[in-house]
Amino acid sequence: MGELRILLVDDHPVVRAGLRAMLTEFADFSVAAEAADGDAALRELARLRTLGERVDVVLMDIQMGAGMDGVTATAAIRRLELPPPVLILTTYDTEADILAAVEAGASGYMLKDAPPDQIRQAVLSAAAGQTALAPKVAALLMSRISSPETALTAREVQLLELLATGLTNRSIARHLFISEATVKTHLVHIYGKLGVDNRTAAIARATQRRIIRPPGQ
């Protein structure tokens, strides 16, 4: 295959410049294009395909301002014909972000504070069709597998995120296309697993345990 061609997706130009400089230090990597959000990434992929140029790995941030976020973009990319693997590279390490990215089809999840050699190996693994996880992310997923009775389900995590925005049970039900009774059942399970008895405490405990981001982030 020769050198690996990477599409960089991050809303901060300075971050993209730093990643480009780091990646091109490796002889087997080149940056095919850059994008500031998910929409731009999809346009770049389409443009490169029109030119007959390949992308071997998409290196994707999660949160990108007002533009399409990385999870939505990952799902859209994975729906393309012969899609390139998407490797998440972000500062966010909550269960909510990790589970959403994995569910969207990401091939790996790395944190931006990882050493360059770890990021290089993650890109190589993604290009080879393998999973690449930051040690902290791998530990979190293993903990969920080893203690399924106390781990929140993906739906419960999603509901907690909505809870943290201040939505009512009725609004959450509409957002998730479920009944209010189902929302209440989920809340009972969430409270039990977190060892709390109300919404405010649930949000505080979930934030403390890095299950969801702090409100407003």
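**Warm-up.** Is Glu34 buried, partly exposed or exposed?

*Solution.* Start with the cut-offs: buried means under 20% relative accessible area, exposed means over 50%, and partly exposed is in between, with a 1.4 Å probe and protein chains only. Glu34 has a relative accessible area of 29%, so Glu34 is partly exposed.

Before you go on, keep in mind that this is a predicted model: local features need pLDDT of at least 70, side-chain atom pairs count only at pLDDT 80 or more, and totals for chains, interfaces and linings use all residues. Residues are numbered from 1 along each chain as its sequence is written, and side-chain values use heavy atoms, with hydrogens and water left out.

**Exercise 1.** Work out the strand order of the open sheet, and find which strands stand at its edges.

*Solution.* Step one is the vocabulary. Strands (E, at least two residues) and helices (H or I, at least four) are DSSP runs, numbered from the N terminus. Two strands pair if DSSP finds at least two bridges between them. As background, strands of a sheet pair through backbone hydrogen bonds, either parallel or antiparallel.

Step two: read off the order. The six strands run S2-S1-S3-S4-S5-S6, with parallel pairing. S2 (29–35) and S6 (132–133) each have a single partner strand, so one side of each is left without a neighbour in the sheet.

Step three: look at two of the pairings. S1 (residues 4–9) pairs with S3 (residues 57–60) over four bridges, in the parallel sense, and Ile6 sits opposite Val57 in S3. S3 also pairs with S4, again parallel, over three bridges; here Val58 has Val86 of S4 as its bridge partner.

**Exercise 2.** Find which way the side chains of S4 point, and say how enclosed that strand is.

*Solution.* First, a general point: in a regular strand the side chains alternate between the two faces of the sheet. Now sort the residues. Val86, Ile88 and Thr90 point one way from S4, while Leu87 and Leu89 point the other way, and all are buried. That's five of five residues buried, so S4 is largely enclosed by the rest of the structure.

Val86 is also touched by Ser107, where a contact means heavy atoms within 4.5 Å. Ser107 lies in the loop between helix H4 (95–104) and S5, and is buried at 17% relative accessible area. Leaving out residues up to four places away in sequence, the other residues Ser107 touches include Pro85, Ala126 and Gln130.

**Exercise 3.** Pick out the buried side of helix H1 and what it packs against.

*Solution.* List the buried residues: Arg16, Leu19, Met22 and Leu23. They cover an arc of only 130° around the axis, which puts them on the same side of H1; the arc is that of the directions from the helix axis to the C-beta atoms. Next, flip to the face turned away from that side, and you'll meet the exposed residues Pro13 and Val14. Finally, the buried residues of H1 pack against S1, S2, S3, S4 (86–90) and H5.

**Exercise 4.** Trace three salt bridges, and say which parts of the chain each one links.

*Solution.* The rule is a side-chain nitrogen of Lys or Arg within 4 Å of a carboxyl oxygen of Asp or Glu. By this rule the count comes to 14.

- Lys112 and Asp10: the closest N and O atoms are 2.7 Å apart. Lys112 is in the loop between S5 (108–111) and H5 (116–127) and Asp10 in the loop between S1 and H1 (13–23), so the pair ties together parts 102 residues apart in sequence. Lys112 is partly exposed at 28%, whereas Asp10 is buried at 1%.
- Arg20 and Glu34: the closest N and O atoms are 2.7 Å apart. Arg20 lies in H1 and Glu34 in S2, so this pair ties together parts 14 residues apart in sequence. Arg20 counts as partly exposed, at 32%.
- Lys193 and Glu156: the closest N and O atoms are 2.9 Å apart. Lys193 in H9 (residues 180–194) and Glu156 in H7 (residues 154–164) are 37 residues apart. Lys193 is partly exposed at 24%, and Glu156 is buried at 3%.

One last step: salt bridges that share partners join Asp10, Asp61 and Lys112 into one network.
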